[in-house]
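Me: I am new to this structure and would be grateful for a close look at a single part of it. Please take the surroundings of the bound ligand and describe them in one connected account.

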Amino acid sequence: MNITPEYLYQKRRKFLKLGIGAFVSSTLIGSKLSALNFIKDKNLDNLKISDEELATNYVNFYEFSTDKRKAVSLAQNFNTQNWKVEISGEIEKPITLNMEDILKFPLEERIYRFRCVETWSMVVPWVGFELRHLIEMVKPTNKAKFVKFTTLLDKNQFPDQAALFPTIDYPYVEGLRIDEAMHPLTLLAVGMYKKPLKPQNGAPIRLVVPWKYGFKSIKSIVKIEFVKDQPRTTWQNYAPSEYGFYANVNPNVSHPRWSQANERALGDFFTKPTLMFNGYEKEVAKLYEGMDLRINF
Ligand SMILES: Nc1nc2c(c(=O)[nH]1)N[C@H]1C(S)=C(S)[C@@H](COP(=O)(O)O)O[C@H]1N2
Ligand SMILES: [Mo]
C-alpha cells in the first residue's frame, strides 16, 4: 500500500534527484503552472495521449548521451537556475529574457502528435505559448527571413560536449523559416503533462514544431536569432543527405536508410501509417505550395 501523498513524494524526489538549481527554476515554473487556468486543448482529433512515464523516460538529448536511458539519468542534476534567452539579430528590439519574463506570455495546453525521424511517435500535452507572440514583441526587420535557435553550450553540464570526440557539433542549432516560426502551431514549451519540463525533455524552454521530425524541436534554448540566410543546422552538418533543413514529416519521402511510411507510438506493439505533415496538412501545407518536397526534404 502506498500511503505517501503524491505531492510529498514528488517533493522528496525532487530533493533527492535534482540539484538545487534545477529545483529553483522548476519551482518558479511549477508555481506558475499550478496557478494557471489552462486553456484546455479540446483534443478534437481524439489523440491518445502517451503515457507520461514513457514520454519522460524515452528521450533523445545527445548533449547528455545518445543512449536514451542514460540521457535521462545524466540529466537529473541539470542546472537551469538564472536561465536566460538572448533574442538578437535582425530585430528592432533585441532583448535578453529570464524565465520570469518568459512566463508572462499566454501559456496554454496543446496536445500534439510528435514524430521522431527514428520512426517512434508519441502524443504529448505540452504547456507553452505561440512563438509568434515573442516574434511580434521583438519586431523583426524586413531582413529577417529565418529564425535560428541555439541550445546551451556547457561542458560542465553536458557530458557529450566535454567528450574528446563529441557525437555531433555543439552547440545544437536548429532553424525555421520566419513564416514557419510565425505559424500558430509553433510553440515554445515550458511544460508537459501540466508540469514544468523535465531536464531530459529540454528544460526550461524548448521548441515544439509538431509537423516536423522531432530533431527540429530543439531543447534547452539559450539563443533565438533572426537572420537573413538559412542557418546551417546541426543535423545538416552531420549528414546533409539524411537530415534536411525542412524535415517535414512525410511518409512518401524515405530516409536514405529506412522508410518513413509507418511509425510506432510509444507503448504500442503495432505500427500505424505516418500522416503527411504528421496530421497537420490542413494547417501547414500552404507554407510549402510550389515546393518540391523531395528536394526540400
Ligand atoms: N539540444 C537538443 N535538442 C534536441 C535533441 C538533442 O539531442 N539535443 N534531440 C532531438 C530529437 S532527435 C528529438 S526526437 C526530440 C526528442 O524530444 P523528447 O526527448 O522530449 O521526446 O528532441 C530534439 N531536440
Ligand atoms: Mo528524433
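**The surroundings of ligand 1**

Reply: A nitrogen atom of ligand 1 lies 2.8 Å from an N or O atom in the side chain of Glu63. The model in which this contact appears is a predicted one. Glu63 is also listed among the closest residues to the ligand, together with Tyr62, Asn201, Arg206 and Lys219. These five belong to a shell of 18 residues that surround ligand 1.

The contact with Glu63 may be set beside two others. In the side chain of Thr151, an N or O atom is 3.0 Å from a nitrogen atom of ligand 1. At Asn60 the backbone takes part: one of its polar atoms is 3.2 Å from an oxygen atom of the ligand. Thus Glu63 contributes a side-chain atom, Thr151 likewise offers an N or O atom of its side chain, and Asn60 presents a polar backbone atom.

As to cover, ligand 1 has 530 Å² of accessible area on its own, and the protein covers 99% of that area.

The composition of the shell completes the account. Sorted by class, the residues around ligand 1 comprise ten nonpolar, five polar and three charged ones. The polar contacts described above, at Glu63, Thr151 and Asn60, are therefore to be read alongside a shell in which ten residues are classed as nonpolar.

Notes:
Residues numbered from 1 in each chain as written. Chains lettered and ligands numbered in written order. Predicted model: local features only at pLDDT ≥ 70, side-chain atom pairs only at ≥ 80, totals over all residues. Heavy atoms only, no water. Near = heavy atom within 4 Å. Polar contact = N/O pair within 3.5 Å; in protein donor to acceptor, adjacent residues only side chain to side chain. Areas by Shrake-Rupley, 256 points an atom, 1.4 Å probe, with all protein chains shown as cover.
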